[in-house]
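I opened my notebook to look at how the strands of this fold are arranged. Here is what I was looking at, and my entries follow.

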Amino acid sequence: MPWYHAGSNGLSVMALTTVPRSDDSMIRAALVRGTLSCQTIDELDRALNRELWQIGYVARIEHDPANRAVLLVEISTGR
């Protein structure tokens with residue numbers, strides 16, 4: 001997913017196995033809403049978790065060690 005802020009050129013999103021595939025479209029929509037208004041990684045972290053919490057998930061964000069321009073986003077159950 002593209003995100004061109006804070007020196008990043010995209011997000012690599014992975015859901016853990018505890019996240020049902022049937023929720024993919026809700027998670028994708030939450031990611032899009034969360035990324036639209038953010039300029040920094042801290043803002044992105046807060047926005048994504050606010051959006052995902054509403055549907056029962058949380059996100060963990062970190063830089064990809066192999067490519068610092070990509071942020072890794074891991075989605076897991078949070079409730």
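**Notes on the sheet**

I started with the turn: a hairpin of two residues joins β2 to β3. A reminder to myself that this is a predicted model.

Next I looked up the two strands on either side of that hairpin. Strand β2 covers residues 57-64, and I found it antiparallel to β3, with eight bridges between them. As one pair to click on, I picked E62, which stands opposite L72 in β3.

Then I turned to the other partner of β3. In which sense do β1 and β3 pair? I found them parallel, with six bridges linking residues 10-15 of β1 to the β3 run of residues 67-77. Two pairs helped me follow the register here: L11 has L71 as its bridge partner in β3, and A15 stands opposite I75 in β3.

With both pairings in hand, I wrote down the whole sheet. What is the order of the strands? The order is β1-β3-β2, in an open sheet of three strands with mixed pairing. That makes β1 and β2 the edge strands, each pairing on one side only. From one strand to the next, the twist averages 25°.

A general note for my own viewing: side chains in a regular strand alternate between the two faces of the sheet.

Last entry, the helix. I checked what α2 packs across, and residues 41-53, which form this helix, lie across β1, β2 and β3. Relative to β2, I noted that α2 runs at about 155°.

Technical notes
Residues numbered from 1 in each chain as written. Predicted model: local features only at pLDDT ≥ 70, side-chain atom pairs only at ≥ 80, totals over all residues. Heavy atoms only, no water. Pairing = 2+ DSSP bridges. Helix = DSSP H or I, 4+ residues; strand = E, 2+ residues; numbered from the N terminus. Axes fitted to C-alpha atoms, helices over the stretch in contact; angles between N-to-C directions. Contact = heavy atoms within 4.5 Å.
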